[in-house]
Amino acid sequence: MSSDDVTDQGDGVTHQAHQTDQAHQTDQAHQAQQADQADQPDGHRRRDAAATRRALLLAARARFTRLGYDRTTLRDVAADAGVNLALIKRYFGSKEGLFKAALASAPRFLDGEAEFPHDRAALAGALSRQLAAGAWAEFGEHPVLLLLRDSGDEQVAELRRRALEEFGRQVLEASGAAPAPDALLRAELLVALGVGVAVVRSAVGLRPLADATPDDLLGPLRDIVDGLLGPPSG
C-alpha cells in the first residue's frame with residue numbers, strides 16, 4: 001500500500017470521526033433545546049398560563065389553609081401544583097404575593113351553592129352544608145380558616161377584614177332580616193359562629209361537632225339564625 005493510500009484512509013477516518021462528533025453535538029444541542037422549551041411558556045410543551053395559575057392558587061389555598069403562612073413553603077406549593085418553582089415568581093412575584101392572590105380568590109362564605117340563599121330557610125340549609133364535616137375536602141379544612149392566617153402584611157390584613165365584612169353583608173341579605181340598627185352586627189355574629197365551628201373542628205376535633213352532618217346541623221342552625229337575626233321583614 002502506498003503512502004498516499006494510507007494518507008487517504010487516515011483522512012477518511014478523521015473526517016468520519018469529525019462527522020460523528022458533529023452529529024453528537026447537534027443531538028445534544030437539540031435535546032438541550034427541547035429541555036429548555038419544556039420549561040419555557042412558549043416551548044413545545046407549553047403550559048396554559050391560566051391553567052397553571054389556577055393550579056398554583058388551588059395548591060396555595062390548600063397549604064395556607066392547613067398549615068398557615070409561615071409553615072407553607074413555595075417549593076411544596078409548586079410540587080402540589082406539578083409546576084416549576086420559578087413559575088410562582090413569574091405569576092405572583094413572592095410568597096406574600098401568592099398569599100394575597102390565594103386570599104382574594106378563596107371561596108366566599110356562601111360559595112358552592114346552586115343559588116344564593118333567598119330566604120331564612122335557604123340560609124340555614126346553606127350554612128348546614130358548608131359547616132358540615134367533610135364539606136371542603138379539596139382544601140383539607142374549611143377555606144374560611146385562610147382568613148385567620150396572618151402574613152404580617154397590612155394589605156393582607158385589609159383583605160381579610162374586607163372578606164369578613166362581605167360575609168356579614170351576604171348573611172344579612174340572605175336572611176331577609178328587618179332593618180335594625182344592629183342588623184349587621186347580628187349578621188357578623190353569625191359569621192363568627194361559622195368561623196368558630198371551622199376552628200374548633202380543625203384545632204380541637206370536638207365531638208359531636210367534628211362529625212356533624214348537614215342534617216345534624218340544620219335544626220340548631222335554623223334556631224340560631226332566627227334567634228340572632230330576629231323576624232324577617234314583611
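Helices are taken here as DSSP runs of at least four residues, numbered from the N terminus, and it is in one of these, helix H6, that Ser 128 is placed. The model described is a predicted one. Its secondary structure comes to 9 helices and 0 strands, so that, read from the N terminus, the elements follow the order α-α-α-α-α-α-α-α-α. Of the 234 residues of the protein, 35% count as buried. Among the contacts between residues at least 6 apart in sequence, 70% join residues that are at least 24 apart.

Helix H6 spans residues 120-130 and is mostly covered, with 8 of its 11 residues buried. The buried set consists of Arg 120, Leu 123, Ala 124, Gly 125, Ala 126, Leu 127, Ser 128 and Gln 130, and these residues pack against helix H7 (154-175), helix H8 (183-203) and helix H9 (214-229). At the N-terminal end of H6, a cap is provided by Asp 119, a side-chain oxygen of which lies 3.3 Å from the backbone nitrogen of Ala 121.

Two polar residues of this helix were examined individually. More exactly, Arg counts as charged and Ser as polar, and the two residues in question are Arg 120 and Ser 128, both among the buried residues of H6. Arg 120 has a relative accessible area of 11%, and because buried means under 20%, Arg 120 is assigned to the buried class. The side chain of Arg 120 reaches the backbone oxygen of Gly 230 at 2.7 Å. When neighbours within four places in sequence are left aside, Arg 120 is in contact with Ala 174, Ser 175, Gly 176 and Ala 177, as well as with Val 225, Asp 226, Leu 229, Gly 230, Pro 231 and Pro 232.

For Ser 128, the relative accessible area is 3%, and this residue is therefore buried. The side chain of Ser 128 reaches the backbone oxygen of Gly 125 at 2.7 Å, Gly 125 being another of the buried residues of H6. With neighbours within four places in sequence again set aside, the contacts of Ser 128 are with Pro 214, Leu 217, Leu 218 and Leu 221.

The packing of H7 with H8 was then considered. H7 and H8 pack at an angle of about 110°, with their axes 8 Å apart; the two helices are therefore roughly perpendicular to each other, and H7 passes H8 in a right-handed crossing. On the side of H7, the contact is made by Leu 164, Phe 167, Gly 168, Arg 169, Val 171 and Leu 172, while H8 contributes Ala 183, Leu 184, Ala 187, Glu 188, Leu 190, Val 191 and Val 195. By class, the residues of this contact divide into 10 nonpolar, 1 polar and 2 charged. In the loop between H8 and H9 lies Pro 208, and the peptide bond leading from Arg 207 to Pro 208 is cis, with omega near 15°.

A further helix pair is formed by H2 and H5. Helix H2 (residues 49-71) and H5 pack at an angle of about 100°, with their axes 9 Å apart, which makes H2 roughly perpendicular to H5. The contact involves Arg 53, Leu 56, Leu 57, Ala 60, Arg 61, Phe 64, Tyr 69 and Asp 70 of H2, together with Lys 95, Glu 96, Leu 98, Phe 99, Ala 101, Ala 102 and Ser 105 of H5. These residues divide into 9 nonpolar, 1 polar and 5 charged.

Within H5, the buried residues are Gly 97, Leu 98, Phe 99, Lys 100, Ala 101, Ala 102 and Leu 103, and the elements that cover them include H2, helix H3 (74-81), helix H4 (86-92) and H7. Glu 96, which is placed in the same helix, H5 (residues 95-105), has a relative accessibility of 29% and therefore counts as partly exposed. Not counting residues up to four places away in sequence, Glu 96 touches Tyr 69 and Asp 153. The C-alpha atoms of Glu 96 and Val 156 are separated by 8.5 Å, although the two residues stand 60 residues apart along the chain.

Conventions. Residues are numbered from 1 along each chain as its sequence is written. This is a predicted model: local features need pLDDT of at least 70, side-chain atom pairs count only at pLDDT 80 or more; totals for chains, interfaces and linings use all residues. Side-chain values use heavy atoms; hydrogens and water are left out. Buried means under 20% relative accessible area, exposed over 50%, partly exposed in between (1.4 Å probe, protein chains only). A polar contact is a pair of N or O atoms within 3.5 Å; within protein, one must be able to donate a hydrogen and the other to accept it, and residues adjacent in sequence count only if both atoms are side-chain atoms. Contact means heavy atoms within 4.5 Å. Axes are lines fitted to C-alpha atoms, for helices over the stretch in contact, and angles run from 0 to 180 degrees between N-to-C directions. Angles under 35 degrees count as roughly parallel, over 145 as roughly antiparallel, 65 to 115 as roughly perpendicular and the rest as oblique. A crossing is left-handed if the near helix is turned anticlockwise from the far one by less than a right angle, and right-handed if clockwise.
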